[in-house]
Amino acid sequence: MTAVIEISGLHKTFRGWRRGPKVALDGFDMVVEAGQVHGFLGPNGSGKTTTLRALLGLVHADSGDMRILGTTSADYIHVAHRVGAIVESPAFFGNLSGQRTLELLAMAGGVPRKRVEETLVAVGLRDRGEDLVKSYSLGMKQRLAVASALLKQPELLILDEPANGLDPAGIHEMRSLVRELASRGVTILISSHLLDEIEQVCDSMTIISRGRRVTHGPVAQVLAQHDKGEYSVRVADPAGALEAIAAAGGSARLNEGKLVVSGVTDASWITQTLGTAGHWLTELTALTPDLESVFLDVTGTRPGNGLMSDVDDGWQPPAPAGRAEIEIEVTR
Ligand SMILES: Nc1ncnc2c1ncn2[C@@H]1O[C@H](COP(=O)(O)OP(=O)(O)O)[C@@H](O)[C@H]1O
Ligand SMILES: [Mg+2]
């Protein structure tokens, strides 16, 4: 497989006047292979946006190597036309239609006008193309943003938290759009703090925590690596069954009236051990790990409702204008 994005040892420290230096990236590594939908997962404040901004030359990294479509970041300008990205939420003029917005962007980017129609169709906005952007839902604005990134027919699409602020229907639409683009061969890097998002749409993933990669690989493989061989067992006498498992050298605990047996490679050991001790199973379920438990394992943070935000230090992107605080970037 060919790597479309290769990042190694990326460091970035921000120095704010008020809050002091802030290490955003602490030797971060990531590889995204061609043709994949790659999930970039991590809590708020873990360094996802900083990574993507560094990759696109929007912020200077202090050190580290980055390659995108085979070129170093210094030569990014030569491949920029092959990359579509939505990193900072683009602001659109409410009084222009979606179609007019794309026409202007196409003109500015030297993109043939027929791409406007094609991208409107691709993101499912064709019927609403002539309506003013201010009448669009958040999901539609997000799709317009994706359309703007698709004008150039990019090989690589980078989406920073595309599900942010969307309702479940919007998230569903965004997910089908990502799948549809992937089926046409576009490599997609999609960052999210929503575990669900990554699990449902991505082939491979990188988990970042406090500016470092904590785990990576195909989603199924990451999940398998964290499989603890646990089984949930229902029996009439869970406490008695727990003793039988312990007596046979196994390890188990009680959970909500069921027995959870762990470290098991072959489930028949459970049925045999319990059956021999006179405990008849009425249910045996393999407890496969989900990303939420993997995330807990690798970062020690606890996500709630699928949202991970415990590393957040409350920093918000600066408002476009009229903000008193100035942040200075330090380059080594
Ligand atoms: N311009 C900036 N000035 C100061 N601190 C920043 C700036 N951008 C990001 N940070 C800090 O860097 C860390 C990583 O932020 P970010 O990359 O936005 O995380 P994520 O996108 O994963 O939520 C956070 O602690 C954030 O507060
Ligand atoms: Mg971010």
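**Exercise 1. A hairpin**

In which sense do strand 9 and strand 10 pair, and over how many bridges?

*Solution.* A word on the model before we start: it is predicted, so local features need pLDDT of at least 70, side-chain atom pairs count only at pLDDT 80 or more, and totals for chains, interfaces and linings use all residues. Residues are numbered from 1 along each chain as its sequence is written, and side-chain values use heavy atoms, without hydrogens and water.

Step 1. Find the strands: strand 9 covers residues 204-209 and strand 10 covers residues 212-218. Helices (H or I, at least four residues) and strands (E, at least two) are DSSP runs, numbered from the N terminus.

Step 2. Read the pairing, which is antiparallel over six bridges; two strands pair if DSSP finds at least two bridges between them. T206, for instance, has H216 in strand 10 as its bridge partner.

Step 3. Look at the turn: two residues lie between the strands, and R210 takes a positive phi near 50°.

**Exercise 2. An open sheet and its helix**

Work out the strand order of the four-stranded open sheet, then place helix 8 on it.

*Solution.* Step 1. The order is 12-13-11-14, with antiparallel pairing. Strand 12 (251-255) and strand 14 (283-287) are the edge strands, each pairing on one side only. From one strand to the next, the twist averages 25°.

Step 2. Helix 8 (residues 238-247) packs on this sheet and touches strand 12 and strand 13, its direction making about 165° with that of strand 12. Contact here means heavy atoms within 4.5 Å; axes are lines fitted to C-alpha atoms, for helices over the stretch in contact, and angles run from 0 to 180 degrees between N-to-C directions.

Step 3. Zoom in on strand 12 and strand 13 (residues 258-262), which share five antiparallel bridges. There, N255 has K258 as its bridge partner.

**Exercise 3. Helix 4**

Why is helix 4 described as largely enclosed by the rest of the structure?

*Solution.* Step 1. Helix 4 (residues 138-150) reaches 18 Å from its first C-alpha to its last, close to the 18 Å expected at 1.5 Å a residue. The expected span is 1.5 Å times one less than the number of residues.

Step 2. Because 11 of its 13 residues are buried, helix 4 is largely enclosed. Buried means under 20% relative accessible area (1.4 Å probe, protein chains only). Among the buried residues are G139, M140 and L150.

Step 3. The cover over these buried residues includes strand 6 (83-86), helix 2 (98-109) and helix 5 (168-183).

Conventions. Chains are lettered from A and ligands numbered from 1 in the order in which they are written. Buried means under 20% relative accessible area, exposed over 50%, partly exposed in between (1.4 Å probe, protein chains only).
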